[in-house]
Amino acid sequence: MSLYWNHRVKRLAPYIPGEQIRDQRVIKLNTNENPYPPSPKVIEAIQKALGDDLRLYPDPACTELRTVIAQRYGVMPEQVFAGNGSDEVLAFAFAAFFESPVKNRQTLPILFPDITYSFYPVYTRLWDIPFTPVPLAADFSLVIEDYKQAAGGVVIPNPNAPTGQAIPCSDLRSLLAFHEKNRETAAVVLVDEAYTAFGRDLEVTPLVHEYSNLLTVHTLSKAASLAGLRVGFAIGNQELIEGLGRVRDSFNSYTVDRLAQAGARAAILDASYYEAVNRKVIATRNRVSAALKALGYEVIPSQANFIFIRSLQKNGMQLYTFLREQDILVRHFNQLRIADFLRVSIGTDEQMDRVLAACETFSNGT
Ligand code: PMP
């Protein structure tokens with residue numbers, strides 16, 4: 001604690017990002033990056049944007065990028081907001097749509113799963129938003145009925161992280177209807193689609209035409225192999241998008257730089273490249289999940305680009321340490337209910353064969 005920090009900074013509980021290791025020998029499976037490179041068209045577009053124009057500010061509205069996103073999702077550009085990674089979009093959304101306590105007025109807490117993306121509680125601290133964690137079932141499945149209660153808002157990643165489990169669109173539709181405008185239980189439902197591209201039929205963005213309380217949040221970090229470029233976006237009703245713009249323009253109008261706007265636009269346009277890449281990731285995930293189960297590991301059914309696994313013999317930290325000694329870096333969360341699990345991002349087939357071999361050695365106790 002520093003004497004110079006104000007009370008807001010003293011009260012923060014910052015997010016701890018996964019380690020960005022530089023050692024080339026290490027197989028890095030700890031932050032759900034895509035093991036395959038971005039589309040060559042993305043590199044080309046960035047190279048083209050790399051020139052004298054860098055002396056000029058970027059388009060604060062990200063017009064060209066939003067136009068191609070709008071086309072891809074069948075919405076109007078006014079229904080799209082682009083930001084510096086989906087973390088920033090999420091931070092703005094929490095600030096724009098969820099209430100902090102106001103004197104003499106009841107403030108309903110927002111709802112999200114007890115086991116989920118660990119940045120959500122961080123944002124609630126940052127913006128002073130009350131929240132109630134909603135426990136996942138014993139098998140980590142999300143029970144949608146538990147979210148059908150008066151709330152200040154709802155945040156659901158589909159698939160969830162770090163479990164990788166997904167819920168069907170029909171569940172989200174019923175939740176949106178419950179929290180729809182003109183109802184006493186009206187609230188924004190934020191669906192974080194960071195990993196949706198790795199699942200089957202999970203996209204709910206088309207429902208923005210039916211539900212004005214739906215905001216879907218997307219990232220190019222995972223399915224578009226562009227974690228280093230920092231681009232995310234949100235899609236929803238025009239009023240929601242305007243709300244995000246109000247927050248951004250009270251903070252920093254130029255959150256997406258020129259190179260990022262150019263690269264992101266090219267990525268959205270090259271959908272076929274990414275479909276092929278992600279088909280490979282999905283096939284590897286399914287193969288590795290089955291192989292780990294055959295080795296006696298518990299593997300939570302995943303629709304994401306990572307798996308959540310547990311050794312039935314030893315604890316999570318022991319397996320983490322063993323893998324680390326084999327130059328395999330995965331993610332361990334020292335948190336209630338999941339301390340015995342590890343989240344393993346899906347790498348190339350070669351990398352995952354090394355993981356399987358290490359897990360086999362570990363379970364043989366050698
Ligand atoms: N949402 C979820 C569920 C995530 O796991 C992540 C990645 N850590 C993000 C959002 C943020 O992704 P980015 O800021 O790279 O777009």
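How many bridges pair β12 with strand β13, and in which sense do the two run? I opened my notebook with that one. I am looking at a predicted model, and I kept that in mind throughout.

**Entry 1: the four-stranded sheet**

I found that β12 and β13 (residues 341–345) pair over two bridges, in the antiparallel sense. I then picked out one pair of partners: R331 is matched with R343 in β13. Helix α10 (residues 316–325) packs on this sheet and touches β10, β12 and β13. I noted its direction too, which makes about 35 degrees with that of β13.

Next I looked up the whole sheet. It is open, its four strands come in the order β9-β10-β13-β12, and the pairing is antiparallel. Why is one side of β9 and of β12 left without a neighbour? These two, β9 (298–300) and β12 (331–332), stand at the edges with a single partner strand each, so one side of each has no neighbour in the sheet.

I also followed helix α9 (residues 271–294). It lies across β9 and β10 (306–310), and it runs at about 5 degrees to β10.

**Entry 2: the seven-stranded sheet**

I moved on to another open sheet, this one of seven strands. I wrote down its order as β2-β8-β7-β6-β5-β3-β4, with mixed pairing. Its edge strands are β2 (80–83) and β4 (131–134), each pairing on one side only. From one strand to the next, the twist averages 20 degrees.

Which strand partners β2? I traced it to β8 (residues 232–236), paired in the antiparallel sense over four bridges. Within that pairing, A82 has F233 of β8 as its bridge partner. Helix α3 (residues 63–73) packs on the sheet here, touching β2, β7 (214–219) and β8. Its direction makes about 130 degrees with that of β2.

**Entry 3: the ligand**

I finished with the ligand and its surroundings. Among the residues around it are G85, S86, D87, L90, Y117 and R230. I sorted the shell by kind and got four nonpolar, four polar and four charged residues. Which helix gives the most to this shell? I found that it is α4 (residues 85–97), with four residues.

Then I checked oxygen atoms of the ligand for polar partners. A backbone N or O atom of S86 lies 2.6 Å from one. A polar side-chain atom of Y195 also lies 2.6 Å from a ligand oxygen. For S221, an N or O atom in the side chain is 2.6 Å from an oxygen of the ligand. Taken alone the ligand exposes 400 Å², and the protein buries 92% of that.

Notes:
Residues are numbered from 1 along each chain as its sequence is written. This is a predicted model: local features need pLDDT of at least 70, side-chain atom pairs count only at pLDDT 80 or more; totals for chains, interfaces and linings use all residues. Side-chain values use heavy atoms; hydrogens and water are left out. A residue is near a molecule or strand if one of its heavy atoms lies within 4 Å of it. A polar contact is a pair of N or O atoms within 3.5 Å; within protein, one must be able to donate a hydrogen and the other to accept it, and residues adjacent in sequence count only if both atoms are side-chain atoms. Accessible areas come from the Shrake-Rupley method with a 1.4 Å probe; for residues, only the protein chains shown count as cover. Ala, Val, Leu, Ile, Met, Phe, Trp, Tyr, Cys and Pro count as nonpolar, Asp, Glu, Lys and Arg as charged, and the others, Gly among them, as polar. Two strands pair if DSSP finds at least two bridges between them. Contact means heavy atoms within 4.5 Å. Axes are lines fitted to C-alpha atoms, for helices over the stretch in contact, and angles run from 0 to 180 degrees between N-to-C directions.
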